[in-house]
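This report covers charged pairs, one helix, one lysine and the enclosed spaces of a single structure. Please view the sequence and the model first.

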Amino acid sequence: LSAARNTGIAAARGVIVGFLDADDYYVSGGLAAHLDFAQRSGADMTHAQTYITRVGSPQLSVLPRDRRLFAEQKVRKGLRDCENAQFITSSWSSLYRADFLARARLTFDEAQVKFEDRLFVLSSVTAAGSIAQLGEPVRVWRRRAGSISTSRPDSAVHVLQVQLLEKCLAVMSAWSDRTNAPPRFLKREIYNTIARLIWDIDIFPAIVAADDPVYADLAGRLQRLSDYGALGGSIFDDPLVKVIDRVGAKSRKGLITRADFFEIQRAVREADFTAANALLLQRRATRRNSS
């Protein structure tokens, strides 16, 4: 996928470049509205909200993160003036000026044959001199059975997921050092890394159960990720973290408390994956019993 998109970038001859996965689609007039605002704003990248569907259903709803973070129409001077852009996750939710991509030498990392989007987006928002938000949805992310986001992970998928977390932290760390950005930007990325391990990447059971050198290597890499920087309780007071925070909310992993969050981070930092997995199993069992 990354290589295909890079081929498209190289072949594109327009002023504005956009991406759309083959199983997704624009709503009527959506691309025209997005393009018009991108041209009027003159921004290096212009984000628009996205609709999402459930598997097997045509019903549309605005992606929850987009609804909470990107409802306002605005144009800002880069990430330090548009802090919520740190949490844009998908390349196809934005339009990009072709000269910006060329100037910043932005391409997709072809080692990321899956889960390539956020790395490209984070590289884009940290390089952009101007970022715009349309403030309305223009395209549909069509969830379907058998897609990357609904398929069961294996060791190859886990490697891609972990290296994505590593690369995103490296991008944010390098940008923070280069621009002398306030510490909150890097802390948000560290928080996001731990949150992804808790809620999105089902890797702890595999590390505990597998007699596989791949998982032994991943265990060490997760240790280093969890020890990237200190997070205290004040991270939950960050206004952007408050918007995306899943602590204390119902989820397929059960109800995770703040104490659980830090306990899992500690367990991973100490390579106690059995304890981290046991805590998540306990929370999941509590969810099933209560329902």
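## Salt bridges across the chain

The model is predicted. A search of the whole structure turns up 21 salt bridges. Side chains of opposite charge can pair when their charged atoms come close.

One bridge pairs Arg5 with Glu116, with the closest N and O atoms 2.7 Å apart. This pair links distant parts of the chain. Arg5 sits in helix α1 (residues 2–11), while Glu116 sits in the loop between α4 (98–103) and α5 (117–127). The two are 111 residues apart. Arg5 is buried, and Glu116 is buried too.

A further bridge runs from Glu189 to Arg118. Here the closest N and O atoms are 2.5 Å apart. This pair also links distant parts of the chain: Glu189 belongs to helix α7 (residues 184–200) and Arg118 to helix α5, 71 residues apart. Are Glu189 and Arg118 buried or exposed? Glu189 has a relative accessible area of 1%, so Glu189 is buried. Arg118 has a relative accessible area of 7%, under the 20% limit, so Arg118 is buried as well.

## A bridge within one helix

Asp217 forms a salt bridge with Arg221. The closest N and O atoms of this pair are 3.2 Å apart. Both residues lie in helix α9, 4 residues apart, or about one turn of the helix. An α-helix has 3.6 residues a turn, so residues three or four places apart point the same way.

The two ends of this bridge fall into separate accessibility classes. Asp217 has 40% relative accessibility, between the 20% and 50% limits, and therefore counts as partly exposed. Arg221 has a relative accessible area of 15%, so Arg221 is buried. Elsewhere, salt bridges that share partners join Arg5, Asp21, Glu116 and Asp117 into one network.

## Helix α9

Helix α9 spans residues 213–226 and has 14 residues. From its first C-alpha to its last, α9 reaches 20 Å. That is close to the 20 Å expected at 1.5 Å a residue.

Which residue caps the N-terminal end of α9? Asp212 does, with a side-chain oxygen 2.8 Å from the backbone nitrogen of Val214. The buried residues of α9 are Tyr215, Leu218, Ala219, Gly220, Arg221, Leu222, Leu225 and Ser226. Arg221 is thus both on the buried list and a partner in the bridge to Asp217.

## Lys253

Lys253 lies in the loop between α10 (239–244) and α11 (258–269). Lys253 has a relative accessible area of 2%, so this lysine is buried. What does its side chain reach? The side chain of Lys253 reaches the backbone oxygen of Ile198 at 2.7 Å.

## Cavities

The count comes to 3 cavities of 30 Å³ or more. The largest cavity holds about 50 Å³ of space. Its lining consists of His47, Thr50, Leu63, Arg65, Asp66, Phe70, Phe87, Ile88, Thr89, Ser90, Trp92 and Ser93. Both β3 (45–53) and α3 (64–69) supply at least two residues of this lining. By class, the lining has 5 nonpolar, 5 polar and 2 charged residues.

The second largest cavity holds about 40 Å³. Arg118, Leu164, Leu165, Cys168, Glu189, Asn192, Thr193 and Arg196 line the second largest cavity. The elements that give two or more residues to this lining are α6 (155–179) and α7. Which element gives the most? Helix α7 does, with 4 residues. The lining divides into 3 nonpolar, 2 polar and 3 charged residues. Arg118 and Glu189, both in this lining, are also the partners of a salt bridge.

## The second largest pocket

The second largest pocket has a volume of about 180 Å³. Ile52, Thr53, Arg54, Ser57, Gln59, Leu60 and Ser61 line this pocket. How do these residues divide by class? The lining has 2 nonpolar, 4 polar and 1 charged residues.

Note on methods
Residues are numbered from 1 along each chain as its sequence is written. This is a predicted model: local features need pLDDT of at least 70, side-chain atom pairs count only at pLDDT 80 or more; totals for chains, interfaces and linings use all residues. Side-chain values use heavy atoms; hydrogens and water are left out. On a 1 Å grid over the protein atoms alone, a cavity is a set of points where a 1.4 Å probe fits but cannot get out, and a pocket is an open set with protein on both sides within 12 Å along at least five of seven lines; lining residues have an atom within 4 Å of a point. Grid points are joined across faces, edges and corners, and a volume is the space filled by probe spheres set on the points. Ala, Val, Leu, Ile, Met, Phe, Trp, Tyr, Cys and Pro count as nonpolar, Asp, Glu, Lys and Arg as charged, and the others, Gly among them, as polar. The expected span of a helix is 1.5 Å times one less than its number of residues. Buried means under 20% relative accessible area, exposed over 50%, partly exposed in between (1.4 Å probe, protein chains only). A polar contact is a pair of N or O atoms within 3.5 Å; within protein, one must be able to donate a hydrogen and the other to accept it, and residues adjacent in sequence count only if both atoms are side-chain atoms. A salt bridge is a side-chain nitrogen of Lys or Arg within 4 Å of a carboxyl oxygen of Asp or Glu.
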